[in-house]
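Trainee: I would like a close look at one part of this protein. Please take me through the place where the two domains meet, then through the loops.

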Amino acid sequence: MSSLLEISPDKLARLIGTPKCPALIDVRIDEDFEVDPRLVPGSVRRDYRNVQDWAAEIDSDSAVVVCHRGKKLSAGVAAWLRNYGIAAEVLEGGFEAWAEGGHPAVPISAMPERDASGRTVWVTRARPKIDRIACPWLIRRFVDPRAVFLYVSPPEVEMVGERFAATPFDIDSPVRWSHRGELCTFDVMVEEFGLATEPMLRLATIVRGADTARLDLAPEAPGLLAASLGLSRMYADDLEQLEAGMLLYDAFYRWCRDATDETHNWPSPKKDA
């Protein structure tokens, strides 16, 4: 049973991917990280020795600290964070328990380089519809909560990527993060970021159906397509559309995870005797 200052892997797994997820901080030393160079989804590596330098940068009122086995390093860092007014807990059993529990983990080899502020930066075509909203949602909720997205005209994507150290995605050119055969970019990211859980694969099928005009893949695909096209008409600013789309995908993900068996049937009117 978790102590008052700990959170179990199962409980944390329920928070990851939701807007209420705490800041996740991985403080494993290099030797331990090299044993399994993956991250709890959405977590950022920090040097425990410099906690007093970076604690003020935590843009959240709660945090979970991850070390190798959930012992002294994470306990010490969490205690320091509480001194900065952050409700900090330790991941019970550390990353070792997270992995042994079969929870998804993001391989560091799939992560783009971060900028000077510690953020990943991505670039894609302007006027997004489905993939170019779904992928940023996935990244912000499961890979890098502080990720930056640049929307530019299609001919400028690759040059902007080179000049501003941004990772291109969902473009026609052969880049890592784009369509592969029948798979859309969202499918590719789910697989390569190690996020292929049952709920996420269900969501990926819906996204693929809506994005590739194969609406027969899932009954929910036409609804996602309609909502996405509606959002694209409501917002002239791509970043405003992205913020609105975050809520849309939050809802679809929670349905995929928690509510697929739930129905809402209004009682049929009684016939006159």
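Mentor: The domain contact comes first, and two loop residues follow. This is a predicted model, where local features need pLDDT of at least 70 and side-chain atom pairs count only at pLDDT 80 or more, while totals for chains, interfaces and linings use all residues. Residues are numbered from 1 along each chain as its sequence is written, and side-chain values use heavy atoms, with hydrogens and water left out.

The protein chain splits into domain 1 (6–107) and domain 2 (111–259); these bounds come from an automatic or database domain assignment. Their C-alpha centres are 26 Å apart. Domain 1 gives 14 residues to the contact and domain 2 gives 17. Contact here means heavy atoms within 4.5 Å.

Together the domains bury about 1,300 Å², with 55% of it on carbon and sulfur atoms. Buried area is the accessible area (1.4 Å probe) that two parts lose on being put together, summed over both. On the domain 1 side, Arg14, Gly17 and Val106 supply 33% of the area buried against domain 2, more than any other three residues.

Arg14 also takes part in a salt bridge: its side chain meets that of Asp258 at 3.2 Å, N to O. The rule (a side-chain nitrogen of Lys or Arg within 4 Å of a carboxyl oxygen of Asp or Glu) finds 1 salt bridge across this interface.

Helix H1 (9–15), strand S4 (43–45) and strand S7 (106–107) each give two or more residues to the side of domain 1 that touches domain 2. Helices (H or I, at least four residues) and strands (E, at least two) are DSSP runs, numbered from the N terminus.

Now the loops. Asp170 sits between strand S10 (167–168) and helix H8 (185–192). Asp170 counts as buried because its relative accessibility is 5%; buried means under 20% relative accessible area, exposed over 50%, and partly exposed in between (1.4 Å probe, protein chains only). The Asp170 side chain makes polar contacts with the side chains of Arg132 (3.4 Å) and His179 (3.4 Å). Such a contact is a pair of N or O atoms within 3.5 Å; within protein, one must be able to donate a hydrogen and the other to accept it, and residues adjacent in sequence count only if both atoms are side-chain atoms.

Asp170 has a positive phi of about 55 degrees, though it is not a glycine. Most residues other than glycine have a negative phi. Arg127 has a positive phi too, near 55 degrees. Arg127 lies in the loop between strand S8 (121–125) and helix H6 (131–142). With a relative accessible area of 30%, Arg127 is partly exposed.
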